[in-house]
Amino acid sequence: MRIGLAADNGNWHKARLREALRGLGVEPVLFSLADVAVMTGGGEPLRVPGFADGLPDGVLLRTIAGGTFEATTMRLGVLHALVASGVTVWNGPTAIERSVDKAATSLLIARAGLPTPDTFVVSKREAAAEIVAREARPGKPIVLKPLFGSQGEGLMLLENPDDLPAQETVSGVYYLQRYVPRSDGLWRDYRVFVCEGRAIAGMIREGDGWITNVHRGGRPFAWDVPARAAELAEAAAAAVGVDYTGIDLVEDGEGGFLVLEVNSMPAWSGLQQVTEVDIAGAVARGFLNAVRAARPPRLVSALG
């Protein structure tokens, strides 16, 4: 198999995925989406580094290089072009677009009938102010999240409309979500890792503040994922269409869980500290299974 591993940063994750693929008998070609070019005038117009004589059979995507809106649009276009050419891409561009855009994620989760905190997405500050005035109160804030963001960056708790930032600060989109506090006062949430439609590992995250991401100082703890949490995470992954993902959950206070986020390019260094499951190995196996399933069977001659 001709396999590409697209990873622009995150050396820890990249090294483990490369090692896992090698352990399964595949030597991946490392490349960056930023180095893919489109050149017309002869042959395949999509030029992927390391694949001079055609396209790969599969591309395992770890990260997309950062850049301008135009650069990101081109890189997603490259992924769409690969998929259209029959290349297996994990995670695919449609899944990435759905999960990176938190509004799209919330819409899909709600349409699937899955439990999630009440969410409001509007473009104008006046509309956002009306929502905060109606929904928030002292001790019961609303969370403001960047529409595109990860690792807990840019989050704010709002209790009154005057706390809202200007429209240009949020790029013209206010993503507001009801904050769900715990009755015991702990700052805790949960991450479930789903691969090939199945919950394979999970962890508790606790912090000294309300943002519990391990990247921001949150502490990971082992978690024997209960069936109801595993089923919800699997349903959320299916609703968004991700092949491998980290699903963030919070308790609803009534014995169940709510879906917070669906991550299409999840980090798992914190999770790997507290689980015996080989996360990179599971992702590599699932990806290669998908590549094999998509490849046409080879015809073997019956003549000796």
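Biologist: Which side chains of strand 7 (residues 119–122) are buried, and which are not?

Modeller: They alternate along the strand. Phe-120 and Val-122 point to one face and are buried. Thr-119 and Val-121 point to the other face and are not buried. Buried means under 20% relative accessible area, exposed means over 50%, and partly exposed is in between (1.4 Å probe, protein chains only).

Biologist: What kind of model is this, and which residues enter the values?

Modeller: This is a predicted model: local features need pLDDT of at least 70, side-chain atom pairs count only at pLDDT 80 or more, and totals for chains, interfaces and linings use all residues. Residues are numbered from 1 along each chain as its sequence is written, and side-chain values use heavy atoms, with hydrogens and water left out.

Biologist: What makes strand 7 and strand 10 (residues 174–178) a pair?

Modeller: Two strands pair if DSSP finds at least two bridges between them. Strand 7 and strand 10 have 4 bridges, in the antiparallel sense. In that pairing, the bridge partner of Thr-119 is Gln-177 in strand 10.

Biologist: What else does Thr-119 touch in this region, and why is Ser-106 called buried?

Modeller: Ser-106 sits in helix 4 (residues 102–111). Its relative accessible area is 14%, so Ser-106 is buried. Leaving aside neighbours within four places in sequence, Ser-106 is in contact with Thr-119 and Tyr-175. Contact means heavy atoms within 4.5 Å.

Biologist: How is the packing of helix 4 against helix 6 (residues 227–240) described?

Modeller: Two packed helices are described by the angle between their axes and the distance between the axes. For helix 4 and helix 6, the angle is about 115° and the axes are 9 Å apart. Axes are lines fitted to C-alpha atoms, for helices over the stretch in contact, and angles run from 0 to 180 degrees between N-to-C directions. The contact is made by Thr-105, Leu-108 and Ile-109 of helix 4 and Ala-236, Ala-239 and Val-240 of helix 6. By class, 5 of these residues are nonpolar, 1 is polar and none is charged. Ala, Val, Leu, Ile, Met, Phe, Trp, Tyr, Cys and Pro count as nonpolar, Asp, Glu, Lys and Arg as charged, and the others, Gly among them, as polar.

Biologist: Why are helix 1 and helix 8 called oblique to each other?

Modeller: Helix 1 (residues 11–23) and helix 8 (residues 279–294) pack at about 55°, with their axes 8 Å apart. Angles under 35 degrees count as roughly parallel, over 145 as roughly antiparallel, 65 to 115 as roughly perpendicular and the rest as oblique. Helix 1 and helix 8 are therefore oblique. The contact is made by Arg-16, Leu-17, Ala-20 and Leu-21 of helix 1 and Ala-280, Gly-281, Val-283, Ala-284, Phe-287 and Leu-288 of helix 8. That contact has 8 nonpolar, 1 polar and 1 charged residues.

Biologist: What makes strand 2 and strand 6 edge strands?

Modeller: Their sheet is open, with 4 strands in the order 2-1-5-6 and parallel pairing. Strand 2 (29–31) and strand 6 (88–90) each pair on one side only. Neighbouring strands of this sheet are turned by 20° against each other on average, direction ignored. Helix 1 packs on the sheet and touches strand 1 (3–6), strand 2 and strand 5. The direction of helix 1 makes about 165° with that of strand 1.

Biologist: How do you know that strand 5 pairs with strand 6?

Modeller: Strand 5 (residues 58–61) and strand 6 share 3 bridges, in the parallel sense. Gly-58 stands opposite Thr-88 in strand 6.

Biologist: Why is Thr-88 called buried?

Modeller: Its relative accessibility is 11%, so Thr-88 counts as buried. Leaving aside neighbours within four places in sequence, the contacts of Thr-88 include Gly-58, Val-59, Phe-287 and Val-291.

Biologist: Which peptide bond is cis, and what is its omega?

Modeller: The bond joining Trp-90 and Asn-91 is cis, with omega about -20°. Asn-91 lies in the loop between strand 6 and helix 3 (93–100).

Biologist: What makes Ser-171 count as exposed, and Glu-196 as partly exposed?

Modeller: Ser-171 has 67% relative accessibility, so Ser-171 counts as exposed. Glu-196 has 46%, so Glu-196 counts as partly exposed. Ser-171 lies in the loop between strand 9 (156–158) and strand 10. Glu-196 lies in the loop between strand 11 (188–195) and strand 12 (198–206). Ser-171 has a positive phi of about 55° although it is not a glycine. For Glu-196, also not a glycine, phi is positive at about 55°.

Technical notes:
Helices (H or I, at least four residues) and strands (E, at least two) are DSSP runs, numbered from the N terminus.
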